[in-house]
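Here's a quick briefing to read alongside the model. Have a look at the fold, then work through the notes below.

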Amino acid sequence: MSPITIPILPSGTIADYRAFDVPRDHAGEILDTLQRPLRDLRISVTDRCNLRCTYCMPREIYDESHHFLPRADLLNFEEIERLAQVFIRLGVQKLRITGGEPLLRKGVEHLIEKLAVLQTNEGKPVEIALTTNGVLLAKKAQSLKDAGLARVTVSLDGLSQETFRLMSDTDVAAETVLDGIATAQAVGLAPVKVNMVVKRGANEHEIVQMAEHFRHSGVVLRFIEYMDVGCSNGWRMDEVVPARAILDRIAAHYPLQQVDPNYHGEVAERWRYADGAGEIGVIASVTQAFCHECTRARLSTDGKLYTCLFAGDGLDLRAPLRQQVSDRVLTNLIADQWGRRADRYSLQRHLLTSYMQNKVEMSYIGG
Ligand code: SAM
Ligand code: SF4
Ligand code: SF4
């Protein structure tokens, strides 16, 4: 069936979704043009943040004059829950709450409670995870666990106060994030994963120190190549430290053995210390693109569906939601958008002669 195109209307215009109000058999799974199913949904619950990581929300751009979304533009929890149900019916198995900084969203535990009871088409519980900078995690870990959160990923780009401040442009103590990680482990949000974005000349000197710190801790430390998401971080290829080089540095101190992926399409390459001190991972988004297995969709804070981290624009789902359309319309809208998806930016990055000028910012759609 050929997809129906929704006309782009001036904002405030009532769109006509009747063409989408037709029965269709999506059979619980939809495939894009590259035969990739829709499996994961990342939900951004705020575009605000209490840090100003230079690679994500540089302070000179995200300053007092920056216009964050007004409250009325944010999807409320009922709207997120309803969309999540539709996505799950189309094959989504995992939900990840992100942002901006998701723990800044008031009552985020209530959203998690609503999502944690949802089931996949196969009748299994939907897995709920959250990515946070960890600043508020010590305070919130228990209530998040009680609400039904299964796992948490904490971003931490350095252990020394100097490096942490340089990367996250903040006076918050790195120790606060470490407390958050310890509390998350203590309440059973395990295994806690820690993400370190590595930027050449900025924090690469702490790679081995980070590895050392989290050995024997049960935390899975993952090193992420610095990516050219958005348009505000002034990304340059020479600032990327390739995953191979990261692994070489660690292996020079602690021999490593590769481990099989947990599931098909896992983005992190898994390694374990040969001496049994635990596991690490590398996410080589730049040097070893994994677009061919990318099953992720992203829902922005204001309800737009993005089918790639590097997309220019998303499909507005808030307008139909607020026009009280049926689930059938929402399902068909999402299925059509996914059905025409051909995104593979990371595979094509090197072919692009000039960088796209309107890529969406990560703090808005979530990492
Ligand atoms: N504020 C939360 C946090 O930092 O964990 C959640 C949102 S943040 C956008 C999600 C993830 O994206 C973080 O792990 C962050 O390090 C990563 N990220 C942001 N900008 C990035 C970039 N330019 N390259 C690689 N990773 C990036
Ligand atoms: Fe905030 Fe996370 Fe972006 Fe850092 S990476 S500025 S913590 S949203
Ligand atoms: Fe997925 Fe787009 Fe990233 Fe490729 S570039 S892995 S399609 S989000």
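Ligand 3 sits among Phe290, Cys291, Cys294, Arg296, Arg298, Cys308, Leu309, Phe310, Arg341, Asp343, Tyr345 and Ser346, where a residue counts as near if one of its heavy atoms lies within 4 Å. Keep in mind that this is a predicted model: local features need pLDDT of at least 70, side-chain atom pairs count only at pLDDT 80 or more, and totals for chains, interfaces and linings use all residues. Residues are numbered from 1 along each chain as its sequence is written, chains are lettered from A and ligands numbered from 1 in the order in which they are written, and side-chain values use heavy atoms, with hydrogens and water left out.

**Ligand shells**
- The shell around ligand 3 splits into seven nonpolar, one polar and four charged residues; here Ala, Val, Leu, Ile, Met, Phe, Trp, Tyr, Cys and Pro count as nonpolar, Asp, Glu, Lys and Arg as charged, and the others, Gly among them, as polar.
- Strand 10 (296–299) and helix 10 (345–348) each chip in at least two residues of that shell; helices (H or I, at least four residues) and strands (E, at least two) are DSSP runs, numbered from the N terminus.
- Around ligand 2 you'll find Cys49, Leu51, Cys53, Cys56, Met57, Gly100 and Asn133.
- By class, the ligand 2 shell has five nonpolar, two polar and no charged residues.

**Helix 1**
- Helix 1 (residues 77–89) has 13 residues, so at 1.5 Å a residue it should span 18 Å, and its end C-alpha atoms are indeed 18 Å apart; the expected span is 1.5 Å times one less than the number of residues.
- Phe77, Glu79, Ile80, Glu81, Leu83, Ala84, Val86, Phe87 and Ile88 of helix 1 are buried, meaning under 20% relative accessible area (1.4 Å probe, protein chains only).
- At the start of helix 1, a side-chain oxygen of Asn76 comes to within 3.1 Å of the backbone nitrogen of Glu78.
- Gly91, just after helix 1, has a positive phi of about 120 degrees.

**Val154**
- Val154 belongs to strand 4 (residues 151–155).
- Val154 is buried, at a relative accessible area of 0%.
- Val154 and Leu330 are 176 residues apart along the chain, and their C-alpha atoms are separated by 32 Å.

Conventions:
Buried < 20%, exposed > 50% of the residue type's maximum accessible area, 1.4 Å probe, protein only. Polar contact = N/O pair within 3.5 Å; in protein donor to acceptor, adjacent residues only side chain to side chain.
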